[in-house]
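User: Please take a close look at the open antiparallel sheet in this model and walk me through how its strands are arranged and what ties them to their surroundings. I would also like to see how the rest of the fold compares in the same terms.

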Amino acid sequence: MPFPKQEYIQQVSQYLNKKYGHHYYIWNLSEHDYERELFQNQVSMHSYIGFACPPLYELLLICKCILEWVQHKGNIAIVHCQQNKGRSAILLTIFWTFVFQTSIQESFYIIAKALGLTSPLKSQLMYIHKYLSHLFSNEELNTQTIKVKSVILSGIPKQFQNFKPLFQILDRKALLYEEKNQIIEKNHQCIFILPNLQISNDIVFRCKHITPQDELIHIFRFQIHTGFLFKNFIRFKGSDLDLQQQFDDDFYIDLVYLRGNETNNLFDSDKLNQDQKSYEGYQMIKQLLNTCQIMSLNIKLQLFEENDILTQIQEQKYVSKPIELEQEVEQNQRKNSQQEKENQYVGQIENKAQEVYEKENDQDQNQKENKDDDEIII
């Protein structure tokens, strides 16, 4: 379903309410809310501002909710994001994999083709081909503490001679780190030192350029999940970034971090605490994954039957026009028929009046002639 914009939200809600009543439910993955009352409050809102992909745990949780919903006869599930491309595609890819037991890559190909997704973001491709493939292969996730030491940018975008970055790191709940005091010249490195920054689960790194007029220009973004970090650094090339500007071919970004016992600046109790939280998060993901796989065996689906509600509304309008036209023609025919009858009736009256008038004239003429004859006789 497309995002219900203000200009046609009334039509979409009326269509769904009339056709499905209380048997539909909407999962909104966009960053924008709307009048849920129009949809009988049958909407679940999931906002991930700045995220290319919904957080992994919530992706599985939404799949579980959808599987529970469609277990009941007559219920349909509706998923949309802002453009009905990236986030919807990732969620439906996982869902398709659960239900039809295909590989995550094959599912993504099917869903992307159906949604017309021709150029996914690089973070989305990494989630599909690396993270989710790893997860569905039942391989282990990292459960150790992750502490970021530094982020190194080797070079700046081509169009700038001087680069003033606004660099941010954020998770699902808050901004974890922000740096905006450096000015980097061309062919120089930009190094962000992040002491004691603990990260877990889904994390977004993004960078903007601050112009002399204090305007912000998007430079790049990438998203990771700490459950899939097994070394001590990750390197991203310019072509691996979302929303990237033009960089030199030798440009790269290094994310340098420590894992588990390597985090020397933490007390043993803190290390244990962090590792325990990571392990619990991993267990929750695995439990959700197993639950969804079991639930998916009990349902039969018809996907994409209602994937474009607006088109159906427009088709209904298109079909109703000939009907309205036929009704209008019939009404006009009835009017014309009635008018003809009235005209015939008026014509008959006029003919009768003309006959009466002519008859009266004949009688008057006869009387006059008879009178003249009488006078002559006298």
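Analyst:

**The four-stranded antiparallel sheet**

In this predicted model, four strands come together as an open sheet, in the order 9-4-13-12, with antiparallel pairing. Strand 9 (189-199) and strand 12 (233-237) stand at the edges, and because each has a single partner strand, one side of each is left without a neighbour in the sheet. From one strand to the next, the twist averages 15 degrees. As general background, the strands of a sheet pair through backbone hydrogen bonds, either parallel or antiparallel.

Within this sheet, strand 4 (residues 146-154) and strand 13 (residues 252-259) are joined over eight bridges in the antiparallel sense. Two residue pairs let you trace the register between these strands on the structure: valine 148 stands opposite tyrosine 257 of strand 13, and serine 154 has tyrosine 252 of strand 13 as its bridge partner. Strand 13 also pairs with strand 12, again in the antiparallel sense, over five bridges, and here phenylalanine 233 has valine 256 of strand 13 as its bridge partner. Strand 13 is mostly covered, with six of its eight residues buried.

**Charged pairs at strands 11, 12 and 13**

The structure holds six salt bridges, and one of them involves two strands of this sheet. The side chains of arginine 235 and aspartate 254 meet in a salt bridge, with a distance of 2.8 Å from N to O. Arginine 235 lies in strand 12 and aspartate 254 in strand 13, so this pair ties together parts that are 19 residues apart in sequence. The two partners can be described by their accessibility: arginine 235 is partly exposed, with a relative accessible area of 43%, whereas aspartate 254 counts as buried, at 8% relative accessibility.

A further salt bridge involves the loop between strand 12 and strand 13. Arginine 221 and aspartate 242 form this salt bridge, their closest N and O atoms being 3.5 Å apart. Since arginine 221 lies in strand 11 (residues 216-225) and aspartate 242 in that loop, the pair ties together parts that are 21 residues apart in sequence. Arginine 221 is buried, with a relative accessible area of 12%, and aspartate 242 counts as buried too, at 1% relative accessibility.

**A salt bridge between distant parts of the chain**

Another of the six salt bridges is formed by arginine 172 and glutamate 58, whose closest N and O atoms are 3.2 Å apart. This pair links distant parts of the chain, for arginine 172 lies in the loop between strand 6 (165-170) and strand 7 (175-179) while glutamate 58 lies in helix 2 (residues 56-70), 114 residues apart. At 35% relative accessibility arginine 172 counts as partly exposed, and glutamate 58, at 19%, counts as buried, the limit for that class being under 20%.

**A buried lysine without a salt bridge**

Lysine 286, which is found in helix 6 (residues 268-295), offers a contrast to these pairs. Lysine 286 is buried yet has no salt bridge, and the nearest side chain of opposite charge, that of glutamate 140, is 5.9 Å away. As a salt bridge calls for a side-chain nitrogen of Lys or Arg within 4 Å of a carboxyl oxygen of Asp or Glu, this separation does not qualify. Leaving aside residues up to four places away in sequence, lysine 286 touches Asn138 and Glu139.

**The parallel sheet**

For the rest of the fold, turn to the open sheet that three strands form in the order 2-1-3, where the pairing is parallel. Its edge strands are strand 2 (43-45) and strand 3, each of which pairs on one side only, and the twist averages 20 degrees from one strand to the next. Strand 1 (residues 24-28) and strand 3 pair over five bridges in the parallel sense; tyrosine 24 has isoleucine 76 of strand 3 as its bridge partner, and tyrosine 25 has alanine 77 of strand 3.

Although strand 3 is an edge strand, four of the five residues of strand 3 (residues 76-80) are buried, so this strand is largely enclosed by the rest of the structure. Helix 1 (residues 9-20) lies across strand 1 and strand 3, running at about 145 degrees to strand 1.

Key. Residues numbered from 1 in each chain as written. Predicted model: local features only at pLDDT ≥ 70, side-chain atom pairs only at ≥ 80, totals over all residues. Heavy atoms only, no water. Pairing = 2+ DSSP bridges. Axes fitted to C-alpha atoms, helices over the stretch in contact; angles between N-to-C directions. Buried < 20%, exposed > 50% of the residue type's maximum accessible area, 1.4 Å probe, protein only. Lys, Arg positive; Asp, Glu negative; His and termini not counted. Contact = heavy atoms within 4.5 Å.
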